[in-house]
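Here is a set of short exercises, each with a worked solution. Keep the sequence and the 3D view open, and try each task before reading on.

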Amino acid sequence: AGLTLGVYANEIDRLSKAGLDTFEGTWYATYAMGPIAVGYQQSYVNRGLSTAATIAGVSKTVAAAGGQFEADQYSVTMNVNDNLSISYAKAEDTYDARAGSAAGTTAGTQVADVTMDMTSFQAAYSMGSMSIKAYRTKTDNAAYNSGGGSTQRNEIALGLSF
């Protein structure tokens with residue numbers, strides 16, 4: 001009746017002392033009712049890497065940085081009519097350094113933690129062989145860097161088919 005659920009998980013047990021076990025997983029739910037659809041998703045990635053030198057003011061890459069990445073996303077879309085659709089999406093992606101976990105303590109772990117926030121508005125209009133698409137996306141703390149500032153991207157695209 002319009003509801004879709006999904007889940008994915010992957011865990012790798014490392015037998016060497018080169019790193020800790022890795023885990024990645026996600027779950028999502030979407031619901032569509034008439035011209036409106038809403039969705040929500042949570043995801044986790046932990047590559048089992050050390051976080052000893054990680055600080056909040058340094059850019060991080062999901063596949064290479066230690067610690068855990070935790071994300072929450074949601075979106076709302078609406079088909080206004082056969083030609084026009086609009087949508088809004090919001091994501092909060094947190095880098096959790098998990099410093100001190102090897103020693104059995106959580107003291108000081110918040111120092112290196114940083115949340116990257118993203119919001120996006122999109123609109124698309126099509127008529128016959130022509131389409132116009134536009135979006136505006138804003139990101140705070142880009143690359144999981146507390147000094148990464150804010151970036152904003154705007155685009156308007158015109159498509160014609162012959």
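**Exercise 1. Start from one polar contact.** Find the side-chain partner of Glu 24 in a polar contact, then describe the setting of Glu 24.

*Solution.*
Step 1. The side chain of Glu 24 meets the side chain of Tyr 8 in a polar contact of 3.4 Å. Bear in mind that this is a predicted model.
Step 2. Now place the residue: Glu 24 belongs to strand 2, which covers residues 22-33.
Step 3. List its contacts, setting aside neighbours within four places in sequence: Tyr 8, Ala 9, Asn 10, Tyr 44, Val 45 and Arg 47.
Step 4. Is Glu 24 buried or exposed? Its relative accessibility is 18%, and the cut-off for buried is under 20%, so Glu 24 counts as buried.

**Exercise 2. Lay out the sheet.** Work out the order of the strands and decide which of them stand at the edges.

*Solution.*
Step 1. Eight strands make up an open sheet, with the order 1-2-3-4-5-6-7-8 and antiparallel pairing.
Step 2. The edges are taken by strand 1 (3-12) and strand 8. Each has a single partner strand, so one side of each has no neighbour in the sheet.
Step 3. On average, and with direction ignored, neighbouring strands of this sheet are turned by 10° against each other.
Step 4. As background for viewing the sheet, side chains in a regular strand alternate between its two faces.

**Exercise 3. Follow the bridges.** For three strand pairs, give the number of bridges and one residue pair that you can look up.

*Solution.*
Step 1. Strand 2 and strand 3 are antiparallel and share eleven bridges. Take Thr 30 as the example: its bridge partner in strand 3 is Gly 39.
Step 2. Strand 6 (residues 114-127) and strand 7 (residues 130-140) run antiparallel and are joined by eleven bridges. Here Asp 117 has Asp 140 of strand 7 as its bridge partner.
Step 3. Look at the turn of this hairpin, where two residues lie between strand 6 and strand 7. Gly 128 has a positive phi there, near 65°.
Step 4. Strand 7 pairs in turn with strand 8 (residues 150-160), again antiparallel, over eleven bridges. Lys 133 is bridged to Ala 157 in strand 8.

**Exercise 4. Examine a residue of strand 3.** Describe the surroundings of Gln 41 and classify its accessibility.

*Solution.*
Step 1. Gln 41 sits in strand 3, residues 36-46.
Step 2. Beyond four places in sequence, the residues it touches are Thr 26, Trp 27, Tyr 28, Ala 71, Asp 72 and Gln 73.
Step 3. With one of these, Thr 26, the side chain of Gln 41 forms a side-chain polar contact of 2.8 Å.
Step 4. For a distance check, Gln 41 and Thr 30 lie eleven residues apart in sequence, with 8.7 Å between their C-alpha atoms.
Step 5. The relative accessible area of Gln 41 is 29%, so this residue is partly exposed.

**Exercise 5. Build an aromatic cluster.** Which rings are linked with Phe 69 into a cluster, and how are the pairs oriented?

*Solution.*
Step 1. Recall that an aromatic pair is described by the distance of the ring centres and the angle of the planes.
Step 2. The structure has five aromatic pairs. One of them is Phe 69 with Tyr 95, a tilted pair with 5.1 Å centre to centre and 50° between the planes.
Step 3. This pair spans 26 residues, from Phe 69 in strand 4 (residues 68-79) to Tyr 95 in strand 5 (residues 84-96).
Step 4. Phe 69 also pairs with Tyr 144, edge-to-face, at 4.9 Å centre to centre and 70° between the planes. Tyr 144 lies in the loop between strand 7 and strand 8, 75 residues from Phe 69.
Step 5. Put together, ring pairs link Phe 69, Tyr 95 and Tyr 144 into a cluster.
Step 6. Check burial: Phe 69 has a relative accessibility of 4% and is therefore buried. Tyr 144 is buried at 5%, and Tyr 95 is buried too.

**Exercise 6. Find the salt bridge.** Which side chains meet in a salt bridge?

*Solution.*
Step 1. The structure contains one salt bridge.
Step 2. Its partners are Glu 92 and Lys 90, with 4.0 Å from N to O.
Step 3. Glu 92 is partly exposed, with a relative accessible area of 38%.

Methods:
Residues are numbered from 1 along each chain as its sequence is written. This is a predicted model: local features need pLDDT of at least 70, side-chain atom pairs count only at pLDDT 80 or more; totals for chains, interfaces and linings use all residues. Side-chain values use heavy atoms; hydrogens and water are left out. Two strands pair if DSSP finds at least two bridges between them. Helices (H or I, at least four residues) and strands (E, at least two) are DSSP runs, numbered from the N terminus. Buried means under 20% relative accessible area, exposed over 50%, partly exposed in between (1.4 Å probe, protein chains only). Contact means heavy atoms within 4.5 Å. A polar contact is a pair of N or O atoms within 3.5 Å; within protein, one must be able to donate a hydrogen and the other to accept it, and residues adjacent in sequence count only if both atoms are side-chain atoms. Axes are lines fitted to C-alpha atoms, for helices over the stretch in contact, and angles run from 0 to 180 degrees between N-to-C directions. Rings of Phe, Tyr and Trp (its six-membered ring) pair if their centres lie within 6.5 Å; planes under 30 degrees apart count as stacked, over 60 as edge-to-face and the rest as tilted.
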